[in-house]
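Biologist: Could you take one close look at how the helices pack here, and then follow that packing into the hollow spaces? Keep it casual, but give me the residues.

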Amino acid sequence: MIIKNKISRKQLRKISMEQQLFLTSKVIGVDKIINKLGYIQIDTISIVERSHNHILWTRNKNFEHKELNELINKKKIFEYWDHAASYLPIKFYKYSLYRKRKFKKEYSHWFKENKRLLKFVKDRINGEGALMSKDFESEGKTRTGWWDWKPAKRALEMMFHSGDLVISERRNFQKVYDLKENFYSEFESMEVPSDEEYFEHLVMKAIDSYGYASIREILYLRKKDYTVLKKVIKKLIEENRIKEFIVEGSEEIYFTKSEILNKKFKEIEDKELHILNPFDNLIIQRERTKFLFDFDYVIECYVPAHKRKFGYYVLPVLYGDKFVGRIDAKADRKKKELVVYNYFRESGIKNEKEISYKLKKYLDQFAIFTKCEKVKFL
């Protein structure tokens with residue numbers, strides 16, 4: 001099959017960076033950022049700043065942590081699972097029902113075996129209102145993993161994944177669980193999407209978020225149901241809703257919209273600098289990042305210490321449309337210092353004086369965001 005549309009990697013970077021909100025000077029509201037990106041990943045690591053807060057601050061320096069709870073309460077976003085724990089636009093709530101149904105079916109034996117426990121948890125929330133796991137008594141066991149969670153805590157998570165419970169807010173990052181019928185009563189009659197509807201959602205969500213996507217990227221960290229996906233893609237092409245294209249230097253087929261493919265993107269002249277979170281949407285798919293930016297990035301907190309090349313929690317530094325370095329840092333909030341252990345320059349980078357100047361200015365601003373008062377270089 002011959003693919004007529006062909007673009008350069010440079011053009012692809014422009015598309016991706018614009019869709020990911022790195023080429024706009026406008027201040028964009030948090031709810032609009034989440035709507036545009038499709039999801040914001042939640043992660044527990046707070047050595048510098050938790051991922052969801054960092055990702056949003058990167059695109060809106062006025063972001064305040066309290067806004068996420070406010071947006072959940074206003075029913076503009078909700079917390080559930082994308083390819084990982086995430087904040088999602090409320091317009092995607094319907095599509096969360098697809099995973100919830102599959103989860104309940106997959107673990108049907110567990111739900112049958114734990115009916116009394118589930119009723120106990122549900123009755124308490126129904127009687128007392130939204131609760132956290134600490135509101136349930138511990139059995140006194142030492143937690144060593146998923147298998148040792150106290151029964152009520154596991155029930156809360158299982159009921160959350162199955163859709164019986166929702167997270168109505170977070171208090172000091174701890175989940176607050178409520179009954180779905182209490183918090184999202186307006187969605188009670190919402191129908192579960194069909195396979196075709198769900199996979200069409202995945203295709204269009206990926207394209208709207210990045211400007212393009214391949215089959216591999218659409219199914220990132222998901223069960224690989226190629227049959228339905230290919231059927232949906234064929235239908236979308238026939239309806240002229242998406243177009244195929246390839247990129248110079250790759251044989252992989254990508255999909256996009258005509259208006260994106262035909263758009264004239266401005267040159268990336270303003271050399272803005274950003275320190276990205278490891279879970280930032282722009283770089284979360286490492287193979288895509290390597291192909292698009294020629295930047296080979298691995299988060300090394302999951303790598304044994306003796307095998308790390310750069311450090312425990314290294315943050316990529318983006319300058320214009322190139323990654324110019326990596327920062328190994330930690331926010332010491334007791335001393336109110338953002339400690340920079342090391343800065344690793346990428347090879348072949350020009351304008352080092354300009355980058356160094358902008359990096360120091362950015363770090364001063366970043367330190368304040370991480371609740372520190374100054375930057376300390378070791």
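**Helix packing and the spaces beside it**

Modeller: H7 and H8 are roughly perpendicular to each other, and bear in mind that this is a predicted model. The call on orientation comes from the crossing angle: the axes of H7 (residues 115-128) and H8 (residues 151-162) cross at roughly 80°, and anything from 65 to 115 degrees counts as roughly perpendicular. Those axes come within 10 Å of each other. On the H7 side, the contact uses Leu117, Leu118, Val121, Lys122 and Ile125. H8 answers with Pro151, Ala152, Ala155, Leu156 and Met159. Sort that contact by class and you get nine nonpolar residues, no polar ones and one charged.

Now for H1 and H10. Helix H1 (residues 9-19) packs against H10 at an angle of about 100°, and the axes are 6 Å apart. That angle also falls in the 65 to 115 degree range, so H1 and H10 are roughly perpendicular to each other too. From H1, the residues involved are Ile15, Ser16 and Gln19. Their partners in H10 are Ile207, Asp208, Ser209 and Tyr210. By class, the contact of H1 with H10 splits into three nonpolar, three polar and one charged.

H10 is a good guide to the hollow spaces. Searching the whole structure turns up four cavities of 30 Å³ or more. The largest cavity has a volume of about 180 Å³. It is lined by 17 residues, and Lys205, Tyr210, Glu217, Arg222 and Gln285 are the closest to its centre. You met Tyr210 a moment ago, in the H10 half of the contact with H1. Two elements, H10 and helix H11 (215-218), give two or more residues to this lining. The largest share, five residues, comes from H10. As for chemistry, the lining of the largest cavity has nine nonpolar, three polar and five charged residues.

Next comes the second largest cavity, at about 130 Å³. Of its 13 lining residues, Trp81, Asp82, Tyr95, Tyr198 and His201 sit closest to the centre. Strand S3 (77-81), H5 and H10 are the elements that each supply two or more residues to the lining. H10 gives the most here, with four residues. The class split is seven nonpolar, two polar and four charged.

Then there's an open space, the second largest pocket, with a volume of about 500 Å³. Its lining takes in 18 residues, and Arg99, Lys102, Tyr198, Arg222 and Lys223 lie nearest its centre. Helix H5 (93-106) and helix H10 (195-210) are the elements that contribute two or more residues to this lining. Here the largest share, five residues, comes from H5. By class, the pocket lining has nine nonpolar, one polar and eight charged residues. Two names should ring a bell. Tyr198 is also listed among the residues closest to the centre of the second largest cavity, and Arg222 among those closest to the centre of the largest cavity.

A few other spots deserve a glance while you have the model open. His52 is in helix H3 (residues 51-59). With a relative accessible area of 3%, His52 counts as buried, since the cut-off is under 20%. Leaving out residues up to four places away in sequence, His52 touches Ile40, Gln41, Ile42, Asp43, Leu68, Tyr87 and Phe173.

Helix H14 (residues 286-293) has buried residues as well: Arg288, Thr289, Phe291, Leu292 and Phe293. Right after H14 comes Asp294, whose phi is positive, near 55°.

Last stop is Ile253, in the loop between strand S8 (243-247) and strand S9 (254-256). Ile253 is partly exposed, with a relative accessible area of 29%. Its C-alpha atom is separated by 8.0 Å from that of Ile215, although the two residues are 38 apart along the chain.

How values were computed
Residues are numbered from 1 along each chain as its sequence is written. This is a predicted model: local features need pLDDT of at least 70, side-chain atom pairs count only at pLDDT 80 or more; totals for chains, interfaces and linings use all residues. Side-chain values use heavy atoms; hydrogens and water are left out. On a 1 Å grid over the protein atoms alone, a cavity is a set of points where a 1.4 Å probe fits but cannot get out, and a pocket is an open set with protein on both sides within 12 Å along at least five of seven lines; lining residues have an atom within 4 Å of a point. Grid points are joined across faces, edges and corners, and a volume is the space filled by probe spheres set on the points. Ala, Val, Leu, Ile, Met, Phe, Trp, Tyr, Cys and Pro count as nonpolar, Asp, Glu, Lys and Arg as charged, and the others, Gly among them, as polar. Buried means under 20% relative accessible area, exposed over 50%, partly exposed in between (1.4 Å probe, protein chains only). Contact means heavy atoms within 4.5 Å. Axes are lines fitted to C-alpha atoms, for helices over the stretch in contact, and angles run from 0 to 180 degrees between N-to-C directions. Angles under 35 degrees count as roughly parallel, over 145 as roughly antiparallel, 65 to 115 as roughly perpendicular and the rest as oblique.
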